[in-house]
Every structure is written in C-alpha cells, then in structure tokens.
Amino acid sequence: MTAEALARPAQSYGQLVPVTVHFDDLDALGLLHNARYPVMVERAWAALWAERGLVFEGDWVAAGDFCNAVKELRITYDAPVKRPGAYAVHLWLDRLGTTGLTYGFRFCSADGGTTYARGTRVLVRLDPATLRPAPWSEMFRTLGRELLRTQD
C-alpha cells in the first residue's frame, strides 16, 4: 500500500483513543509485534468504555455487557510500526445487533492520519449463567449508537 493510500482525513465517526507502544512491544526486527495490535485495540476499547462509566470489576454475573466473547477477529497490516511512542486506535461500531456487534478499528498515528493496521471484530453478549447469547442492555445500546459508523 502506498503512503498516499495509508493517509486519510480525520475520522467523521467513532473515536480516536490514544495508546502507547513501548520498547518491549517490538519484535526482534524492531517492529511492533503482530500479536500486540489486538492487545492495543482491546486496551483502547477498555479505556473508551471506562470513559463512559462502564468497567469490568471481575464479577461475570455483575459484568452485564462485559460478559461477551469474541466470535471473529480480522486484521490487515498495512505498514510497520517501527518505533515506540504515541499512537492511537480509531474505534467505531459497524453493526449493533440484539446480542452481537461488529466493531471496526484502525491502529494509526496519534493524529489518525496514517494507518498501520485495520480490522474488525465480532462480539457476542453472553448470559453468565448459560453462556448463551443474551441481549445488550439498553444503556449499552444507547452508548453504542453514538459510535455507529452509519446511523442507518
């Protein structure tokens, strides 16, 4: 992918969440290790939800909407991250269903202008007693609608 293709204007949907790449996140070649990208995205989501008052405190029954499981993760690596420092994860929801959702993400420069990796992740909300799909709470749905890429 060319530098022009990686550069994009500021996002008009979702939220840009700051993340930090540390020296020990790099692999033997001095590049951000491929397995660290999903970890950074997960941390960005945790920060975004905490900012909105939703946190997981270790109790799956009380966790509500945080009792969920990953059904699918797709990631494409567009350009290497070559050094530690300040970056960002651009997060949004592509779909918010009754018991599942699909979110999109970009691992990018701190200003959101350069994309290093992008992808999607599908989550399913679970009932903690049965581990079967359960509906998202209305509070979560309200907060989630604010992050939808399209309001269709």
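Reader: Over how many bridges do β3 and strand β4 pair?
Author: This is a predicted model. In it, strand β4 covers residues 100–109. β3 and β4 pair in the antiparallel sense. The count of bridges is 9.

Reader: Which residue in β4 stands opposite Tyr87?
Author: Stay with the pairing of β3 and β4, which is antiparallel. Look across from Tyr87 into β4. The residue there is Ser109.

Reader: In what order do the 5 strands form the open sheet?
Author: The pairing in this sheet is antiparallel. The edge strands are β1 (15–21) and β2, and each pairs on one side only. Neighbouring strands are turned by 25° against each other on average, direction ignored. The order is β1-β3-β4-β5-β2.

Reader: At about what angle to β3 does helix α4 run?
Author: Helix α4 spans residues 138–145. This helix lies across β3 and β4. Its angle to β3 is about 115°.

Reader: Is Asp78 buried or exposed?
Author: Asp78 is found in the loop between β2 (68–77) and β3 (85–96). Its relative accessible area is 15%. The cut-off for buried is under 20%. Therefore Asp78 counts as buried.

Reader: Which side chain does the side chain of Asp78 join in a polar contact of 2.8 Å?
Author: Asp78 sits in the loop between β2 and β3. The contact links two side chains at 2.8 Å. The partner of Asp78 is Arg118.

Reader: Where does pLDDT stay under 50?
Author: The mean pLDDT of the chain is 90. Of its residues, 91% reach 70 or more. One stretch stays under 50, and the model has 14 contacts for it beyond four places in sequence. That stretch is residues 1–9.

Note on methods. Residues numbered from 1 in each chain as written. Predicted model: local features only at pLDDT ≥ 70, side-chain atom pairs only at ≥ 80, totals over all residues. Heavy atoms only, no water. Helix = DSSP H or I, 4+ residues; strand = E, 2+ residues; numbered from the N terminus. Buried < 20%, exposed > 50% of the residue type's maximum accessible area, 1.4 Å probe, protein only. Polar contact = N/O pair within 3.5 Å; in protein donor to acceptor, adjacent residues only side chain to side chain. Pairing = 2+ DSSP bridges. Axes fitted to C-alpha atoms, helices over the stretch in contact; angles between N-to-C directions. Contact = heavy atoms within 4.5 Å. pLDDT = per-residue confidence, 0-100.
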